[in-house]
Amino acid sequence: MRYLTFALGKGRLAQKTLEMFEQIGITCEEMKDKNSRKLIFVNEELKLKFFLSKGPDVPTYVEYGAADIGIVGRDTIMEEGRKLYEVLDLGFGKCNMCVCGPESARDLLQHNQQIRVATKYPNIAKDYFYNKKHQTVEIIKLNGSIELAPIVGLSEVIVDIVETGATLRENGLGVLEEVCPLSARMVVNQVSMKMENERITKIINSLKGVIR
Ligand code: PRP
C-alpha cells in the first residue's frame, strides 16, 4: 500500500485539524512535539504521512500531487486558485473575509471613489471589487498586520479576515462590507481522488461523522 500524504497549514488550523483526525483514529504522536524541527511525520501502521507547510503553499503541494490531501482555509483556496477538488467543509476556523476600515471610509466605498485597498489577498480583493462590485480600486499587497494600513494612511480600507473582531475594535476600525464566509476545508489532488478513491472516501465519511 502506498502512503497517503497530508499537507497541513501551519498555525491556527493545524491544532484543530490534528484533534479532528484523532477523533477518527488517525493519530500522529511525533507531530505534537512543539520543539521538534522535523518537517515530516509518518504513521507506519496506517501508511500515512503528514507535513506542515505555510498555509498558502498547501494548495500548491496538493495540485502537484506532492500531497494527496490538504487542510487549509477557504481564503487560501480562493486566493491561490489551484486545480484541486474541495471535498469537505470541516466546520471549524469559521470567520469572514471583509472590507474593513474607519467609519469615515464608508462614504468613499459607497460613492465609488477611487480608493486604495491593502490586503494579504490581492486576488480575492480584485475579484470582489472588479467582478462583483464593478469598482475600480488600487490593490496594495501586504504580508500581515493589515489593520495598520488605514491607521498609518497607506490605504483607505483593507480586505482581511475577521474572526472575533477584536483586532478591528482595538484599532478603531470596523467591518464595512462582507465579502464571504470562511472555514477550514479539505482539498484533494485530482489524480489521487481517482487512484485512492476508496481510502480517501473512507476518511471523508469518517470526518463527516465528527463534524459539528
Ligand atoms: C488575522 C487577521 C486579522 C485577525 C482577525 O491575522 O488578518 O488581523 O487575525 O482576528 P480577530 O477578528 O479575532 O481579531 P493573524 O493574527 O493571523 O496575523 P497577521 O496579521 O500576521 O496576518
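This short report looks at the surroundings of the ligand and then at the aromatic pairs.

**Around the ligand**

Please keep in mind that this is a predicted model. A good place to start is the ligand, which has 13 residues around it. Arg12, Lys120, Glu147, Thr164 and Thr167 are the ones that come nearest. Sorted by character, the shell holds three nonpolar, five polar and five charged residues.

Oxygen atoms of the ligand have polar partners in the protein, including these:

| Residue | Part of the residue | Distance to a ligand oxygen atom |
|---|---|---|
| Glu147 | N or O atom in the side chain | 2.6 Å |
| Thr164 | polar side-chain atom | 2.5 Å |
| Gly165 | backbone N or O atom | 2.7 Å |

How much of the ligand does the protein bury? Taken alone, the ligand exposes 500 Å², and the protein buries 74% of that. The space that the ligand takes is the largest pocket. Two elements, strand E9 (157-162) and helix H7 (166-169), each give two or more residues to the shell around the ligand. Strand E9 provides the largest share of that shell, with three residues.

**Aromatic pairs**

Now let us turn to the rings. The model has five aromatic pairs. One to look for in the structure is Phe21 with Phe50: the ring centres are 6.3 Å apart and the planes meet at 55°, so the pair is tilted. Where do Phe21 and Phe50 lie? Phe21 belongs to helix H1 (residues 12-23) and Phe50 to strand E3 (residues 48-53), so this pair ties together parts that are 29 residues apart in sequence.

Notes
Residues numbered from 1 in each chain as written. Predicted model: local features only at pLDDT ≥ 70, side-chain atom pairs only at ≥ 80, totals over all residues. Heavy atoms only, no water. Near = heavy atom within 4 Å. Polar contact = N/O pair within 3.5 Å; in protein donor to acceptor, adjacent residues only side chain to side chain. Areas by Shrake-Rupley, 256 points an atom, 1.4 Å probe, with all protein chains shown as cover. 1 Å grid on protein atoms, 1.4 Å probe; cavity = no way out; pocket = protein on both sides within 12 Å on 5 of 7 lines; lining within 4 Å. Sits in = over half its atoms within 2 Å of the grid points. Helix = DSSP H or I, 4+ residues; strand = E, 2+ residues; numbered from the N terminus. Nonpolar A, V, L, I, M, F, W, Y, C, P; charged D, E, K, R; others polar. Phe/Tyr/Trp six-rings, centres within 6.5 Å; stacked < 30°, edge-to-face > 60°.
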